[in-house]
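Please open the structure in your viewer and keep the selection tool at hand, since this tour goes from stop to stop.

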Amino acid sequence: MSAASAGNFFCTFAPMNSFIDFLRRWTLPIAMVVGIASYFIFTALPWPDGTYRIAEEAVAFIQPTLLFLMLFLSFCKIRLSDLKFKRWFWLPMLLQVSLFALFAAVLLLMGDHPSRILIESAMLCFLCPTAAAAVVFTVKLGGSAASVTTYTLLINFVVAVLAPLVLPLVHPQEGVSFLPAFWMISSRIFPVLILPLFAAVALEKIWPKMHRICAESKDAAFYLWVCTLTLAIVVTTKSLVHDDSPVGYQLGIALIALICCVGQFWVGRRIGDRYGELVVGGQALGQKNNVFIIWLGYTFLSPITALSGGFFAIWQNVVNAYLLYKKEKQEAKK
């Protein structure tokens with residue numbers, strides 16, 4: 001093949017390479033758009049009776065399965081000996097707990113004021129612990145998987161104790177006390193974190209070769225997270241579409257979720273940067289378990305506050321998409 005022919009051959013694939021680069025750089029926004037579009041396309045089609053129920057059951061099974069696989073692959077890259085508490089963890093943890101306590105105190109003092117819904121929404125955005133999936137994005141951005149996993153385990157434990165102590169006081173409900181609330185919250189938090197970690201440790205002991213293959217998988221966990229994100233956006237879109245709350249409340253909660261999201265990412269990155277862990281700090285404080293926010297809102301507070309979880313999911317993925325874009329751009333320059 002002549003040089004000219006070879007050049008023409010590779011030029012033929014240049015548009016395809018550019019398209020792949022585009023998909024890789026804008027993976028998160030594309031996943032969000034696909035999730036929103038999928039919901040509206042699915043609901044617009046004339047499906048047989050029972051299809052929606054089957055779809056909901058399928059999503060309820062697929063989401064935790066993808067999350068388990070994603071965390072399992074991520075935890076295969078970590079050794080238990082690497083999970084060490086670092087002194088700077090106290091700063092974001094103290095900030096998160098203090099702001100939650102502040103908003104809880106305001107709610108106890110203000111009574112049944114109409115703006116209570118907005119305060120509850122802000123409180124949820126600060127109370128919510130770091131998402132287990134934060135480890136995936138931390139690795140993608142070049143941060144320490146061990147550090148963010150350690151912080152995630154710690155803050156989830158703190159929330160599991162603090163939430164059932166405070167939420168029944170803020171929004172009293174008959175039959176909801178500390179122990180039942182603690183069990184309900186713990187059962188939502190720890191299986192998602194602990195089971196994949198134990199599975200990764202067990203595989204290393206039982207089948208070291210397979211564990212090494214899983215540990216060396218580069219982006220598999222990230223793309224599993226993209227699939228999980230797409231399904232999460234479908235569920236979020238459904239909850240927003242079917243919510244019949246006043247538009248003023250919806251806009252107010254969306255704005256509060258935006259301020260809480262950007263603020264926690266910014267502060268977390270500033271704290272982490274002081275200790276050489278900028279990426280970990282941002283993800284530890286800014287990447288929240290949005291499904292947990294929605295569940296807390298429906299279970300312990302005014303149901304409308306669950307919207308804060310849906311809006312927070314959108315904002316945090318916009319922030320992460322921007323961070324990933326910046327990293328890809330820096331790597332392209334290098």
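What follows is a walk through a surface patch and two pockets of a predicted model.

Begin on the surface by selecting Ile41, Leu45, Trp47 and Tyr52, which form a nonpolar patch there and together have about 390 Å² of accessible area. Within this selection, pick out Trp47, which is placed in the loop between α2 (27-44) and α3 (51-75). Because its relative accessible area is 36%, and partly exposed residues lie between 20% and 50%, Trp47 counts as partly exposed.

Turn next to the largest pocket, whose volume is about 1400 Å³. To find its centre, select Val59, Gln63, Ala232, Val235 and Val291, which are the closest to that centre among the 47 residues of the lining. Then colour the helices α2, α3, α8 (178-206), α10 (220-242), α13 (290-300) and α14 (307-333), each of which supplies at least two residues of this lining. If you colour the lining of the largest pocket by class, you will find 29 nonpolar, 14 polar and 4 charged residues.

The last stop is the second largest pocket, with a volume of about 190 Å³. Select Val262, Phe265, Trp266, Arg269, Arg270, Val319, Tyr322, Leu323 and Lys326, the residues that line the second largest pocket. Two or more of these residues come from each of α11 (247-274) and α14, and α11 gives the largest share, with 5 residues. Coloured by class, the lining of the second largest pocket shows 6 nonpolar and 3 charged residues, and no polar ones.

Methods
Residues are numbered from 1 along each chain as its sequence is written. This is a predicted model: local features need pLDDT of at least 70, side-chain atom pairs count only at pLDDT 80 or more; totals for chains, interfaces and linings use all residues. Side-chain values use heavy atoms; hydrogens and water are left out. Patches are made of residues with over 30% relative accessible area and no salt bridge: like charges are joined within 9 Å, nonpolar side chains (Val, Leu, Ile, Met, Phe, Trp, Tyr) within 5 Å. Accessible areas come from the Shrake-Rupley method with a 1.4 Å probe; for residues, only the protein chains shown count as cover. A salt bridge is a side-chain nitrogen of Lys or Arg within 4 Å of a carboxyl oxygen of Asp or Glu. Helices (H or I, at least four residues) and strands (E, at least two) are DSSP runs, numbered from the N terminus. Buried means under 20% relative accessible area, exposed over 50%, partly exposed in between (1.4 Å probe, protein chains only). On a 1 Å grid over the protein atoms alone, a cavity is a set of points where a 1.4 Å probe fits but cannot get out, and a pocket is an open set with protein on both sides within 12 Å along at least five of seven lines; lining residues have an atom within 4 Å of a point. Grid points are joined across faces, edges and corners, and a volume is the space filled by probe spheres set on the points. Ala, Val, Leu, Ile, Met, Phe, Trp, Tyr, Cys and Pro count as nonpolar, Asp, Glu, Lys and Arg as charged, and the others, Gly among them, as polar.
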